[in-house]
Amino acid sequence: MEEIHPLAKLVIITGMSGAGKTIAVQSLEDLGFFCVDNLPPVLIPKFAELIEQSMGKIGKVALVIDLRGREFFTALQESLRDIKENYTLTYEILFLDATDAALVQRYKESRRRHPLAPNGVPLEGIGLERKLLEELKGLATQVIDTSTLKPAQLKERIISRFTNLETNRISINVISFGFKYGVPIDADLIFDVRFLPNPHYVDQLRPLTGQDQDVYDYVMKWTETQEFLTKLLDMLHFLMPQYKKEGKSQVVVGIGCTGGKHRSVAITEYLGKALGNSETAAVRVSHRDSERDRG
């Protein structure tokens with residue numbers, strides 16, 4: 001078998017209708033990917049063959065796959081098995097998801113009909129599609145929750161992930177959130193820090209966030225905070241090489257408190273600094289809910 005270009009990469013983009021697949025494929029196109037939309041899964045091995053025969057001229061391919069039935073999923077599984085057995089290129093499955101509420105709102109704003117409910121309400125089609133895609137989501141190497149992301153933010157996430165394929169680094173996204181606003185649906189690991197003393201009950205700290213030094217220092221000064229961070233970092237340092245060994249390219253770590261403003265933000269900021277960026281891992285920090293209650 002001929003050796004392919006070291007950057008050869010196949011990215012399969014799929015997920016919920018309305019979750020941002022168009023933005024995703026446009027972002028990868030901007031990065032020099034050869035992109036094909038709405039490709040039948042049975043044709044995926046043909047593109048693997050095309051990549052290998054190009055001798056490095058086609059090194060990066062992105063395929064958008066919309067699954068509309070069980071037979072499509074079966075064809076996709078067979079195609080991926082064919083690639084593993086007969087080709088040397090690597091592939092990733094990028095799954096874009098969003099909450100039902102976010103998807104319904106997008107359909108209302110665009111006045112489009114859901115493809116699985118052309119004569120019904122969008123929520124019916126969303127429910128059916130979610131069931132059809134449940135197993136495929138479990139196979140995904142990366143899941144992105146676009147519920148609260150603007151198009152520019154989603155594009156930034158994708159470009160950040162796929163810009164340097166040759167680095168072979170695992171991406172660690174640490175995100176703070178508030179449990180009262182729901183758990184991030186793309187999180188691989190969730191840690192609840194509501195057991196820590198709450199700055200919300202300190203009058204001068206209440207308007208601030210965990211990114212402000214006074215709140216950060218308040219959260220960090222407790223013995224239970226330091227003990228928790230020691231144990232958490234020890235676990236993360238153990239887990240990341242294991243995830244990478246299994247082929248996982250990104251891990252999303254969710255840190256939650258009640259409102260996602262104080263404790264979770266401070267802990268997330270600490271983890272971003274403690275984990276750092278290295279030759280083996282790229283760390284990104286974000287705060288989903290820290291500004292929700294600001295006018």
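Buried means under 20% relative accessible area, exposed over 50%, and partly exposed in between, with a 1.4 Å probe and protein chains only. Helices (H or I, at least four residues) and strands (E, at least two) are DSSP runs, numbered from the N terminus. Strand S7 (residues 189–192) shows the burial term at work: Leu 189 and Phe 191 form its covered face, while Ile 190 and Asp 192 form the uncovered one.

This is a predicted model, in which local features need pLDDT of at least 70, side-chain atom pairs count only at pLDDT 80 or more, and totals for chains, interfaces and linings use all residues. Residues are numbered from 1 along each chain as its sequence is written, and side-chain values use heavy atoms, with hydrogens and water left out.

## Overall form

The chain holds nine helices and nine strands. Its C-alpha trace spans about 65 × 50 × 30 Å along the principal axes. The radius of gyration, taken over C-alpha atoms, is compared with a globule rule of 2.2 Å times the number of residues to the power 0.38. For 295 residues a compact globule would come near 19 Å, and the 21 Å of the chain agrees with that.

Of the 295 residues, 49% are buried. The exposed surface is about 15,000 Å², and carbon and sulfur atoms supply 51% of it. Accessible areas come from the Shrake-Rupley method with a 1.4 Å probe; for residues, only the protein chains shown count as cover. Contact means heavy atoms within 4.5 Å. Take the contacts between residues at least 6 apart in sequence: 79% of them join residues at least 24 apart.

## The five-stranded sheet

Strands of a sheet pair through backbone hydrogen bonds, either parallel or antiparallel. Here, two strands pair if DSSP finds at least two bridges between them. One open sheet has five strands in the order S2-S3-S1-S4-S5, with parallel pairing. Strands S2 (34–36) and S5 (142–145) are its edges, and each pairs on one side only. Neighbouring strands are turned by 20 degrees against each other on average, direction ignored.

Two helices lie across this sheet. Angles run from 0 to 180 degrees between N-to-C directions, and axes are lines fitted to C-alpha atoms, for helices over the stretch in contact. Helix H1 (residues 21–30) lies across S1, S2, S3 and S4, at about 165 degrees to S1. Helix H5 (residues 122–139) lies across S1, S4 and S5, at about 145 degrees to S4.

## The four-stranded sheet

A further open sheet has four strands in the order S7-S8-S6-S9, also with parallel pairing. S7 and S9 stand at the edges with a single partner strand each, so one side of each has no neighbour in the sheet. The twist averages 20 degrees from one strand to the next. Despite its edge place, strand S9 (residues 281–287) is mostly covered, with five of its seven residues buried.

Some strand pairs and bridge counts from the two sheets follow.

| Strand pair | Bridges and sense |
|---|---|
| S4 (residues 90–97) and S5 | four bridges, parallel |
| S6 (residues 170–178) and S9 | seven bridges, parallel |
| S7 and S8 (residues 250–257) | four bridges, parallel |

Individual bridges locate the register. Phe 95 has Val 143 in S5 as its partner. Ser 171 is matched with Ala 282 in S9, and Val 174 with Val 285 in S9. Phe 191, on the covered face of S7, has Ile 255 in S8 as its partner.

Ser 176 lies in strand S6. It counts as buried because its relative accessibility is 0%. Beyond four places in sequence, Ser 176 touches nine residues' worth of surroundings that include Ile 255, Gly 260, Ser 286, His 287 and Asp 289. Its C-alpha atom is separated by 15 Å from that of Phe 195, 19 residues apart along the chain.

## Nonpolar cores

In soluble globular proteins, nonpolar side chains tend to be buried together. A nonpolar core is a set of buried Ala, Val, Leu, Ile, Met, Phe, Trp, Tyr and Cys residues joined through side-chain atoms within 4.5 Å. The largest has 47 residues, and Leu 10, Ile 13, Leu 28, Ile 44, Leu 63 and Leu 94 have the most contacts inside it. S4 gives the largest share, five residues. A second, separate core has 31 residues, including Val 193, Leu 205, Leu 236 and Val 253.
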